[in-house]
Amino acid sequence: MSGLPDITIGPFKRAQGSIVLPGSKSISNRALLLAALSSGTTTLKNLLDADDTQVMRNALRQLGLSVIDKENKVCVVEGCGGQFPVREADLFMGNAGTAIRPLTAALAMQGGNYRLSGVARMHERPIRDLVDGLRQVGAKIEYELQEGYPPIQISAAEIQIKDVVKVRGDVSSQFLTALLMALPLVATDPVRIEVIGELISRPYIDITLKLMARFGVNVACPDMQSFVIPAKTSDSVYKSPGQLSVEGDASSASYFLALGAIGGGPMKVLGVGKDSIQGDVAFADALALMGANINAGEDWIEVAGVKNANGKLNGITIDCTEIPDAAMTLAVAALFAEGPTRLNSIASWRVKETDRIAAMAKELKKVGAIVEEGADYIVVQAPPSQSDWKSPAEGIDTYDDHRIAMCFSLVSLKNIPITINDPACVNKTFPTYFEVLESIVKT
């Protein structure tokens, strides 16, 4: 279904069942790179098989690595001990931020010549803060077209860390993640990284640190803004753990958890739970604040309708710093709530696959929502009455953004049909999303 030019889904009234989540994109791409940089062979289980992880896998193969896909979402990576066999390559990174940013940093440590480019939108997504951080240690990186944005050219350079490495944290946590993963390769002495300004999306940094520890590098955090990388004790810094199982994707879980609330449930997601290392698992807490009935175990979460007698969620005001991706699902869940819902601290939406604040505001208005947007917030209120709900004939535009497509599928639970334009964009993280959705919604 997701390969069609557009699809119309609904009208639906209920959602019930259970699903096994695809692997986390954030964990998958970090694990792929760490496995490649380590000594030994790593077997990755439940690896996400989607566009973004294929971008990373293909790039690693171009760099001379053995990356073998097997059945049942298993991938076997032969590590290179920190030195990529290929020292000159032209890499196409699509629109995968979780691939281009950490790979840029790792390549800058290699003493080779590399070019990284992507789709048109990737060339609009900032990378300056990462490049500035890498230049502090001697990396030679040039912008090919527009200053501060890909495509970029990395040239062989002598890396020397003479001082504290500083990086901004208020645009994307991926810049810090990239430095954390790459600098151990050249850390002849302990290296201190300091974050300038607010560090957004801290849970994603926690994912990075926990995965680095699995591969043998333990980073100290003396305070909330500083990170100390230990000095390397051997040529091969990262050591393979042998095998690693990737958690289910907590961001993808948000759509089904929301369906369990607005569609009555019970709806159970398997593969992520209260022991998750992903920050987006806190979406369940946000949904509980809105009045949903939530239960959770070590690796599962279940939602069974709402507590309110009227069957509706409550509008809330919430800081979304910790759940930037899953917060998009809250914006659509707000259509099923009484009162306005205000999502604060979402400036990072502006530099994602599209300008998500502007895109969400425009598409929410199409279905009749009352919307206010600002530089780093959005306020969403349901249409005033049932007659104000709309099923736009032109459909919901998705801006080549997988999360917009998946979010707006929830509108079909208002018992109206909704057309999703370019649904194939879900291939970025969840190729079978619409098939899975059909298996749990009911008229």
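Strand β21, residues 341-344, shows two faces in this predicted model: T341 and L343 make up the covered one, while R342 and N344 sit on the uncovered one. The strand has partners in β19 and β23. With β19 (residues 317-319) the pairing is parallel and runs over three bridges, and D319 is the residue standing opposite N344. With β23 (residues 377-381) the pairing is antiparallel and takes in four bridges. Here R342 has V379 as its bridge partner. R342 also turns up in a charge-over-ring arrangement: its charged end sits over the ring of Y377, 4.0 Å from the ring centre. So what does R342 do in this part of the model? R342 belongs to the uncovered face of β21, is bridged to V379 in β23, and has its charged end over Y377.

A second charge-over-ring case involves a lysine. K268 lies over the face of W300, and the distance to the ring centre is 4.4 Å.

Zooming out, the chain holds twelve helices and 25 strands. What radius of gyration does the chain have, set against that of a compact globule? The rule puts a compact globule of 443 residues near 22 Å, and the chain has 22 Å, so the two agree. Taken along the principal axes, the C-alpha atoms fill a box of roughly 65 × 45 × 40 Å. Of the 443 residues, 59% count as buried. The contact pattern leans on long sequence separations: among contacts between residues at least 6 apart in sequence, 74% join residues at least 24 apart. As for the surface, the accessible area comes to about 16000 Å², and carbon and sulfur atoms account for 48% of that.

Helix α4 gives a local view of the packing. In this helix (residues 128-135), the buried residues are D129, L130, V131, G133 and L134. What do they pack against? The buried residues of α4 pack against two helices and two strands, namely α3 (97-108), α5 (173-182), β8 (140-143) and β10 (165-168).

The aromatic residues come next. A search of the whole structure turns up six aromatic pairs. One of them joins F256 and F430, with 6.0 Å from centre to centre and 50 degrees between the planes, a tilted arrangement. This pair links distant parts of the chain: F256 belongs to helix α7 (residues 250-262), F430 to the loop between β24 (418-421) and α12 (433-440), and the two are 174 residues apart. F256 and F430 are both buried. F256 has another ring partner in Y433. Their centres are 5.6 Å apart and their planes stand at 55 degrees, so this pair is tilted; a pair would need planes over 60 degrees apart to count as edge-to-face. Again distant parts of the chain are linked, with F256 in helix α7 and Y433 in helix α12, 177 residues apart. Both F256 and Y433 are buried. The ring pairs do not stop there: they link Y255, F256, F430, Y433 and F434 into a cluster.

Finally, a few backbone details are worth a look by anyone setting up a calculation. Where are the cis peptide bonds described here? One joins G10 and P11, with omega at about 5 degrees, and P11 lies in the loop between β1 (6-9) and β2 (14-20). Another runs from P150 to P151, with omega near 0 degrees. P151 lies in the loop between β8 and β9 (152-155).Positive phi angles also occur outside glycine. K73 has phi near 60 degrees, and its place is the loop between β4 (66-70) and β5 (74-78). At 44% relative accessibility, K73 counts as partly exposed. D422 likewise is not a glycine, yet has a positive phi of about 50 degrees. D422 is found in the loop between β24 and α12, and is partly exposed, with a relative accessible area of 34%.

Methods. Residues numbered from 1 in each chain as written. Predicted model: local features only at pLDDT ≥ 70, side-chain atom pairs only at ≥ 80, totals over all residues. Heavy atoms only, no water. Buried < 20%, exposed > 50% of the residue type's maximum accessible area, 1.4 Å probe, protein only. Pairing = 2+ DSSP bridges. Contact = heavy atoms within 4.5 Å. Phe/Tyr/Trp six-rings, centres within 6.5 Å; stacked < 30°, edge-to-face > 60°. Lys NZ or Arg CZ within 6 Å of the ring centre and 35° of its normal. Rg over C-alpha atoms; globule rule 2.2 N^0.38 Å. Areas by Shrake-Rupley, 256 points an atom, 1.4 Å probe, with all protein chains shown as cover.
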